[in-house]
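Thank you all for making time this morning; I would like to walk through one model slowly, explaining the terms as they come up. Please have a look at the structure on the screen before I begin.

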Amino acid sequence: MRALVADLSSLPRVAWAAAGSRLRHDLPWRRGGLLRLRELPEPSLPGDDWVRVRPTLSGVCGSDVKLLHVGLSPLLSAYNPGTRAVPGHETVGVVTDVGPAVERVAPGDRVLLDPVTGCVAKGLEPCPSCAAGDYHVCRRMADAGRSGVGQGQGFSDRLGGGWADAVVAHDTQCHLVPAGVPDERAVLAEPAAVALHAVLRWQRAGDRAVVIGPGSVGLLVTATLRRLHPDLDVTVVTAGEFGAQRALAAGADRTVGQPSAAVLESVAAHLGARLLRPRVGRLPVLDGGADVVFDCIGTASTIDLALRLLRPRGTLVLVGTAGRVRLDLSLVWFRELTVHGTICYGEEGALDGRRAFAEVVDWLADPAYAVDGLVTHTLPLERYAEALDAATRGPGAGAVKVTFRP
């Protein structure tokens with residue numbers, strides 16, 4: 001089968017890609033880089049309760065791009081010591097083969113894959129996190145079990161992802177695609193579950209929210225806020241005009257464009273907050289700002305902006321994969337801010353213990369869930385350079401969600 005393989009086993013090559021990416025964003029997938037299209041044996045089923053799936057659409061996530069640009073913190077290698085993987089954790093496909101103990105799906109079924117593997121999929125005794133339904137923060141992520149180390153499809157050394165002609169998954173990871181839901185909508189299930197988990201991390205205290213980022217996760221956070229809190233005032237920070245119309249369609253009340261100075265002034269005017277200017281530095285802080293900010297980008301500049309936007313005892317939710325950043329955290333302690341990190345999703349207490357992934361699969365069948373049109377680019381595997389270029393450039397390429405069609 002064909003598969004895109006990310007190989008980070010050579011430290012000199014990794015260092016070259018990390019340094020060179022600052023000059024050329026496409027260096028990791030150029031000749032001699034970290035990603036190659038290769039022929040691999042079709043994956044075998046790790047156990048009787050596993051299935052094989054032929055991907056029909058697989059998304060490119062910001063974490064995939066950061067992986068290839070060596071932008072993820074080295075700290076995370078403690079949880080995933082593997083150095084070789086087939087990326088792709090946003091996958092919709094068709095079941096081609098099932099083990100004798102599979103109960104949820106059958107050959108020919110269209111399925112969505114929840115990519116996160118915990119102890120059950122690995123064939124291990126459930127750790128305390130998995131026993132509580134928090135399999136996304138499994139305490140045995142660095143243990144191989146049946147499926148290899150790592151978080152799951154797309155990041156495991158042994159368990160391939162959706163950027164391939166075939167992928168295997170545990171029975172519990174498979175969710176039937178609702179009838180009538182096209183691949184371009186179904187493929188959003190994984191980032192939509194990320195968005196739902198992030199929104200549920202905020203224990204609502206207030207009526208004014210800001211979402212930073214016009215990409216797929218930011219737009220899905222916006223749609224989720226509108227679905228769960230119809231009366232909430234939602235402002236979305238966009239990259240200039242890019243994403244503004246999509247943000248409004250997803251449920252934003254208004255949008256404001258970067259740079260940070262313009263965002264702070266616009267949000268202050270809307271909220272009736274005061275702009276306080278420090279003696280040193282050009283950017284002000286808001287006195288009486290937003291109740292919650294969801295930062296869906298996670299750079300030093302966006303986190304700094306989020307902290308400046310918040311009211312005293314407001315909440316910052318970091319959505320996705322921030323890396324190493326240099327920040328002035330004075331406002332966290334001086335204004336008693338709450339900062340939540342989020343990653344993936346599990347069984348949510350606010351949903352009576354239901355999995356966030358299962359919840360959004362149902363949402364996708366509802367036309368009122370305003371997420372159509374987020375897939376902007378679909379390319380075959382052999383045109384991976386074009387796909388990753390668009391995903392990296394984002395607004396510069398008119399890209400929201402880039403996908404592969406193996």
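Let me start with a question: is D352 buried or exposed? D352 is exposed, because its relative accessible area is 77%, and on this scale buried means under 20% relative accessible area, exposed over 50%, and partly exposed in between, with a 1.4 Å probe and protein chains only. D352 lies in the loop between β17 (347–348) and β18 (354–355), where helices (H or I, at least four residues) and strands (E, at least two) are DSSP runs numbered from the N terminus. Its phi is near 60°, a positive value in a residue other than glycine.

Before going further, I should say that this is a predicted model, in which local features need pLDDT of at least 70 and side-chain atom pairs count only at pLDDT 80 or more, while totals for chains, interfaces and linings use all residues. Residues are numbered from 1 along each chain as its sequence is written, and side-chain values use heavy atoms, with hydrogens and water left out.

To put D352 in context, most residues other than glycine have a negative phi, and most peptide bonds are trans. R313, which sits in strand β15, also has a positive phi, of about 60°, although it is not a glycine, and R313 counts as exposed at 60% relative accessibility. As for the peptide bonds, the one from Q258 to P259 is cis, with omega near 15°, and P259 is placed in the loop between β11 and α9 (260–271).

Let me turn to the sheets. Strands of a sheet pair through backbone hydrogen bonds, either parallel or antiparallel, and here two strands are said to pair if DSSP finds at least two bridges between them. One open sheet has 6 strands in the order β11-β10-β9-β14-β15-β16, with parallel pairing. Its edge strands are β11 (254–257) and β16 (338–342), each of which pairs on one side only, and neighbouring strands are turned by 20° against each other on average, with direction ignored. Between strand β10 (residues 233–238) and β11, which run parallel, there are 4 bridges, and V237 has V256 of β11 as its bridge partner.

Two helices pack on this sheet, and here contact means heavy atoms within 4.5 Å. Helix α6 touches β14 (290–295), β15 (310–319) and β16, its direction making about 155° with that of β15, whereas helix α10 (residues 300–309) touches β9 (208–212), β14 and β15, at about 150° to the direction of β15. Axes are lines fitted to C-alpha atoms, for helices over the stretch in contact, and angles run from 0 to 180 degrees between N-to-C directions.

At the edge of the sheet, V339 is found in β16 and is partly exposed, with a relative accessible area of 39%. Leaving out residues up to four places away in sequence, V339 touches L316, L318 and V332.

A second open sheet has 3 strands in the order β2-β1-β4, with antiparallel pairing. Here β2 (35–39) and β4 (84–85) stand at the edges with a single partner strand each, so one side of each is left without a neighbour in the sheet. Strand β1 (residues 2–7) is joined to β4 by 2 bridges, and D7 stands opposite R84.

Finally, the interior. A nonpolar core is a set of buried Ala, Val, Leu, Ile, Met, Phe, Trp, Tyr and Cys residues joined through side-chain atoms within 4.5 Å. Which residues touch the most other members of the largest core, which has 57 residues? They are V221, L225, F294 and Y345. Among the elements that each supply at least two residues are α6, β9, α7 (216–228) and α12, and α6 gives the most, with 9 residues. V221 itself touches A195, V199, V211, F294, C296 and V319, not counting residues up to four places away in sequence. A second, separate core of 28 residues includes L35, W163, A387 and L388.

That is the tour, and I am happy to go back to any part of it.
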